[in-house]
Amino acid sequence: MPDDAIDHLLERACPSIQYRVRGEILHQPPSDPEMRRLHDQILQDEAVQTIFGWQQPDGWLAWSFHGTP
């Protein structure tokens, strides 16, 4: 049964979930070509790009991400 769930996620889940399944469950290294492809897809995601836009020069992701002071 777990293999069916893993296969399902690898076929249908978003790139972020696929990346985590491959890395955390299947222990594929980040240098693996499929992992690199998924990483590139994650970086191109519109929501990820929005969050990157919030990042301050010191790395802080702004109050809208971390909460109010």
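**Close-up 1. Glutamate 34 and its salt bridge in helix H3.** In this predicted model, glutamate 34 has a relative accessibility of 23% and therefore counts as partly exposed, since the partly exposed class lies between 20% and 50%. Its partner in a salt bridge is arginine 37, with the closest N and O atoms 2.4 Å apart. Arginine 37, at 36% relative accessibility, also counts as partly exposed. Both residues belong to helix H3 (residues 33-44), where they sit three residues apart, about one turn of the helix.

**Close-up 2. Arginine 20 and glutamate 24 in helix H2.** A salt bridge joins the side chains of arginine 20 and glutamate 24, at 2.8 Å from N to O. The two residues are four apart in helix H2, so about one helical turn separates them. Arginine 20 is partly exposed, with 49% relative accessibility. Glutamate 24 is partly exposed as well, at 49%. A search of the whole structure gives two salt bridges.

**Close-up 3. The crossing of helices H1 and H2.** The axes of H1 (residues 2-12) and H2 (residues 15-25) come within 8 Å of each other and cross at roughly 140 degrees. H1 is therefore oblique to H2, because only angles over 145 degrees count as roughly antiparallel. The crossing of these two helices is left-handed.

**Close-up 4. Residues in the contact of H1 with H2.** H1 contributes Ile6, Leu9 and Leu10 to the contact, while H2 contributes Ile17, Gln18, Val21, Arg22 and Ile25. By type, the residues of this contact are six nonpolar, one polar and one charged.

Terms used: Residues numbered from 1 in each chain as written. Predicted model: local features only at pLDDT ≥ 70, side-chain atom pairs only at ≥ 80, totals over all residues. Heavy atoms only, no water. Axes fitted to C-alpha atoms, helices over the stretch in contact; angles between N-to-C directions. Parallel < 35°, antiparallel > 145°, perpendicular 65-115°, else oblique. Left-handed = near helix turned anticlockwise from the far one by under 90°. Contact = heavy atoms within 4.5 Å. Nonpolar A, V, L, I, M, F, W, Y, C, P; charged D, E, K, R; others polar. Salt bridge = Lys/Arg side-chain N within 4 Å of Asp/Glu carboxyl O. Buried < 20%, exposed > 50% of the residue type's maximum accessible area, 1.4 Å probe, protein only.
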